[in-house]
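Reader: Could you walk me through a structure feature by feature, telling me how to read each one before we look at the case?

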Amino acid sequence: MVTEDEAMGRAIALAARGLGTTSPNPVVGCLLLSADGEVVGEGFHAYAGGPHAEIVALAQAGERARGGTAVVTLEPCNHTGRTGPCVKALVAAGIRRVVIAVDDPNPAAAGGAAALRAAGVEVVTGFHRPEAEEGNVAWLTAVRRGRPYVTWKFAATLDGRSAAADGTSQWITSAPARTDVHTLRSTVDAIVVGVGTVLADDPQLTVRDLRDGSLAITQPLRVVVDSAGRTPPTARVRDASAPTWIATAAELGTGPDGRADLSALLTTLYARGVRAVLLEGGPTLAGAFLAAGLVDRVIGYVAPKLLGAGLSALVDAGVATIGEAIDLELTDITQVGTDLRFTATLRQKEA
Ligand SMILES: NC(=O)c1ccc[n+]([C@@H]2O[C@H](COP(=O)([O-])OP(=O)(O)OC[C@H]3O[C@@H](n4cnc5c(N)ncnc54)[C@H](OP(=O)(O)O)[C@@H]3O)[C@@H](O)[C@H]2O)c1
């Protein structure tokens, strides 16, 4: 027998298994409890076009769902998209009570709670909402703003350098930190870098399997922001291991500085179904994103090394004086290998 609190904790953990593969859909987890509180089904949404979490759980439970409770991280949908409405399936299965963490902000899919109530089902909303919102933060933020959620990730020495004076920058951080970055990449839909990073480092920007080094099945879109199309034809980012978009000013138009327009970049990515972006630099592009207010979260890996000279982790971010410093809210510090990983969020004005 599990409590509804425990069931929601499990549903949130299940939902996270869909990170990186469900866009443009959210991640969702669902647990079904029988009338006497036994877990009779569980499911998560694994990929867009695939069955929703509730449907997976109902299929598992079969007749045992009758009279039971559904515990779901997001309001069940009431519309027919690529799959049928979950509300109908829950009612047909005889579910008596539905416990929901987060209301669906997407107008096309909302109305599930009201439809369930209209069908005589007892509905609770807002149950463990903060934890569930945290698990779906990229999707929720993206839908509310109409642009992808952007995480800027960087690696630096303790004195804030991201490359040495001669331009070399590889392996600033320890192997566990680099493995951690592959996990992070596996949760996003697109990895974005500036052409400067491609010219300096020729990165491949793929997700490698964390156990054997082979390529993961699902690869994020690789995006090079390259105003004038300087990415060499032989660049590794152009290889066949993942889809790639060389985003030029010809396609995006230009911002006030004459370079590729970053708002247009994000709008285009959103239209392509991208909800979570990992901005991997370098310092010039990251500065431009920050100056434009287009970063939501920062993850910095700081290595216990000193360089004293070389490229700063961040160049011009539109800050001229200390009063204009970009304030972050620190949400986590974790030691990864010999490095420290700082996670912090930026407060953005709601659109
Ligand atoms: N340690 C780390 O975490 C890390 C991560 C990445 C890179 N790096 C290091 O960073 C160095 C490269 O630095 P970088 O600053 O040249 O790289 P970058 O930020 O990746 O690329 C900068 C280039 O992006 C292009 N760009 C296109 N649109 C832009 C816009 N709206 N605003 C700003 N830039 C735009 C610009 O070239 P166009 O005007 O031609 O488009 C610009 O020169 C390398 O040494 C690399 O190793 C370190």
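Author: What follows is a short tour of the ligand site, one helix, some unusual backbone spots and the charged side chains. Keep in mind that this is a predicted model.

Reader: Let's start with the ligand. Which residues come nearest to the ligand?

Author: For a ligand, begin with the shell of residues around it, then look at the polar atoms. Here the shell has 27 residues, and T197, D201, S227, G282 and T284 come nearest.

Reader: And which helix gives the most to that shell?

Author: That's helix 8, with five residues. Helix 8 (195-201), strand 6 (149-157) and helix 11 (283-291) each supply at least two residues.

Reader: Which polar atoms lie close to the ligand's oxygen atoms, and at what distances?

Author: Check whether the partner is side chain or backbone. R230 uses its side chain, with an N or O atom 2.8 Å from a ligand oxygen. G282 has a polar backbone atom 2.7 Å from an oxygen of the ligand, and a backbone N or O atom of L285 lies 2.8 Å from a ligand oxygen. As for cover, the ligand on its own has 910 Å² of accessible area, and the protein covers 87% of that.

Reader: G282 has come up twice now. What kind of peptide bond joins G281 and G282?

Author: Omega is the angle to read for this one. The bond between G281 and G282 is cis, with omega about 0°, and G282 sits in the loop between strand 10 and helix 11. Another cis bond joins S23 and P24, where omega is about 10°. P24 belongs to the loop between helix 1 (4-16) and strand 1 (29-33).

Reader: Back to helix 11, then. Which of its residues are buried?

Author: Here's the general idea: an α-helix has 3.6 residues a turn, so residues three or four places apart point the same way. In helix 11, the buried residues are P283, L285, A286, G287, F289 and L290. Their cover includes strand 6, strand 7 (190-194), strand 8 (221-225), helix 10 (262-271), strand 10 (276-279) and strand 13 (339-346).

Reader: What about A288, and what does it touch?

Author: A288 lies in helix 11 too, but it counts as partly exposed because its relative accessibility is 29%. Leaving out residues up to four places away in sequence, A288 touches L262 and D316. Its C-alpha is also 7.7 Å from that of G318, 30 residues along the chain. Just after the helix, G293 takes a positive phi of about 70°.

Reader: Which residues other than glycine have a positive phi?

Author: Look at phi together with the setting. W171 is one of them, with phi near 65°, and its place is the loop between strand 6 and helix 7 (175-185). L205 is another, at about 60°, in the loop between helix 8 and strand 8. Their settings are opposite: W171 is exposed at 55% relative accessible area, while L205 is buried at 3%.

Reader: On to charges. How many salt bridges does the structure hold?

Author: Side chains of opposite charge can pair when their charged atoms come close. The structure holds 13 salt bridges. In one of them, R145 meets D296, with the closest N and O atoms 2.7 Å apart. R145 is in helix 6 (residues 137-145) and D296 in the loop between helix 11 and strand 11 (297-303), so the pair ties together parts 151 residues apart in sequence.

Reader: Where do R185 and E280 lie?

Author: R185 and E280 form a salt bridge, again with a closest N to O distance of 2.7 Å. R185 is in helix 7 and E280 in the loop between strand 10 and helix 11, so-called distant parts of the chain, 95 residues apart. R185 is buried at 9% relative accessibility, and E280 is buried at 12%.

Reader: What does E75 do about its charge, then, and how far away is the nearest side chain of opposite charge?

Author: For a buried charge, search for an opposite charge and then for polar backbone atoms. E75 is buried yet has no salt bridge; R117, the nearest side chain of opposite charge, is 7.4 Å away. However, a polar atom of the E75 side chain lies 2.9 Å from the backbone nitrogen of G112. E75 itself is in the loop between strand 3 (69-74) and helix 3 (86-92), and its contacts beyond four places in sequence include I100, V102, D103 and A113.

Notes
Residues numbered from 1 in each chain as written. Predicted model: local features only at pLDDT ≥ 70, side-chain atom pairs only at ≥ 80, totals over all residues. Heavy atoms only, no water. Helix = DSSP H or I, 4+ residues; strand = E, 2+ residues; numbered from the N terminus. Buried < 20%, exposed > 50% of the residue type's maximum accessible area, 1.4 Å probe, protein only. Lys, Arg positive; Asp, Glu negative; His and termini not counted. Salt bridge = Lys/Arg side-chain N within 4 Å of Asp/Glu carboxyl O. Polar contact = N/O pair within 3.5 Å; in protein donor to acceptor, adjacent residues only side chain to side chain. Contact = heavy atoms within 4.5 Å. Near = heavy atom within 4 Å. Areas by Shrake-Rupley, 256 points an atom, 1.4 Å probe, with all protein chains shown as cover.
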